[in-house]
Amino acid sequence: MAKLTNAEIIEAIKGLTVLELNELVKACEEEFGVSAAAGVAVVAAGPAEAVEEQTEFDVELTSFGDQKIKVIKVIREITGLGLKEAKALVEAAPTKIKEAVPKEEAEQIKAKVEEVGATVTIK
């Protein structure tokens, strides 16, 4: 008997009906003394644990646009920084305005800063 390649085996399996495939699985379980259900349960549990919803976001000033003074004022209001620090932050763009904030707060910050012509991203 000639040895089949993986591709040939997969093509043969594609041609089976669901009932025939179920019988093939049962025959393999009996022949090799394994259970297909155990392997599937482990695979199914893996990705579910890996999915984690992001709860904290960083707000980054990408560009201050053409109204730098207005952007500095808004940054001072948001961060509580002094004039010198806020100016340095704005001129250092791209840079983070705030880190690890809730999504709602990040959206509010973005809206305020974009209102004066700057470009902001939430990461």
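In the predicted model, a nonpolar patch on the surface is formed by L4, I9, I13, L16, L21, L24 and V25, whose accessible area together amounts to about 490 Å². Two helices, α1 (6–14) and α2 (18–32), each contribute at least two residues to this patch. The largest share is that of α2, which provides 3 residues. Among the patch members, L21 is placed in helix α2. With a relative accessibility of 34%, L21 is classed as partly exposed, because this value lies between the 20% limit for buried residues and the 50% limit for exposed ones. The same value satisfies the requirement of over 30% relative accessible area for patch residues.

The geometry of α2 was examined further. Its 15 residues, at 1.5 Å a residue, should span 21 Å, and the C-alpha atoms at its ends are 21 Å apart, so the expected and computed spans agree. The expected figure rests on 1.5 Å times one less than the number of residues. Just after α2, G33 adopts a positive phi of about 65°.

With regard to overall architecture, the protein comprises 6 helices and 3 strands. Read from the N terminus, the order of these elements is α-α-α-β-α-α-β-α-β. The protein has 123 residues, of which 16% are buried. About 9100 Å² of the protein is exposed, and 58% of this area is supplied by carbon and sulfur atoms. Of the contacts between residues at least 6 apart in sequence, 64% connect residues that are at least 24 apart.

In soluble globular proteins, nonpolar side chains tend to be buried together. In the present model, the largest nonpolar core contains 19 residues, and those with the most contacts inside it are V59, L61, V71, I75, I97 and V113. Two or more residues of this core come from each of β1 (57–63), α4 (68–79), α5 (83–91), β2 (95–101) and α6 (103–115). Helix α4 gives the most, with 5 residues.

The surroundings of V59 were considered individually, since this residue is listed among those with the most contacts inside the core. When residues up to four places away in sequence are not counted, V59 touches T95, K96, I97, K98, V101, A106, I109, V120 and T121. One of these partners, I97, is likewise listed among the core residues with the most contacts.

How values were computed
Residues are numbered from 1 along each chain as its sequence is written. This is a predicted model: local features need pLDDT of at least 70, side-chain atom pairs count only at pLDDT 80 or more; totals for chains, interfaces and linings use all residues. Side-chain values use heavy atoms; hydrogens and water are left out. Patches are made of residues with over 30% relative accessible area and no salt bridge: like charges are joined within 9 Å, nonpolar side chains (Val, Leu, Ile, Met, Phe, Trp, Tyr) within 5 Å. Accessible areas come from the Shrake-Rupley method with a 1.4 Å probe; for residues, only the protein chains shown count as cover. A salt bridge is a side-chain nitrogen of Lys or Arg within 4 Å of a carboxyl oxygen of Asp or Glu. Helices (H or I, at least four residues) and strands (E, at least two) are DSSP runs, numbered from the N terminus. Buried means under 20% relative accessible area, exposed over 50%, partly exposed in between (1.4 Å probe, protein chains only). A nonpolar core is a set of buried Ala, Val, Leu, Ile, Met, Phe, Trp, Tyr and Cys residues joined through side-chain atoms within 4.5 Å. Contact means heavy atoms within 4.5 Å.
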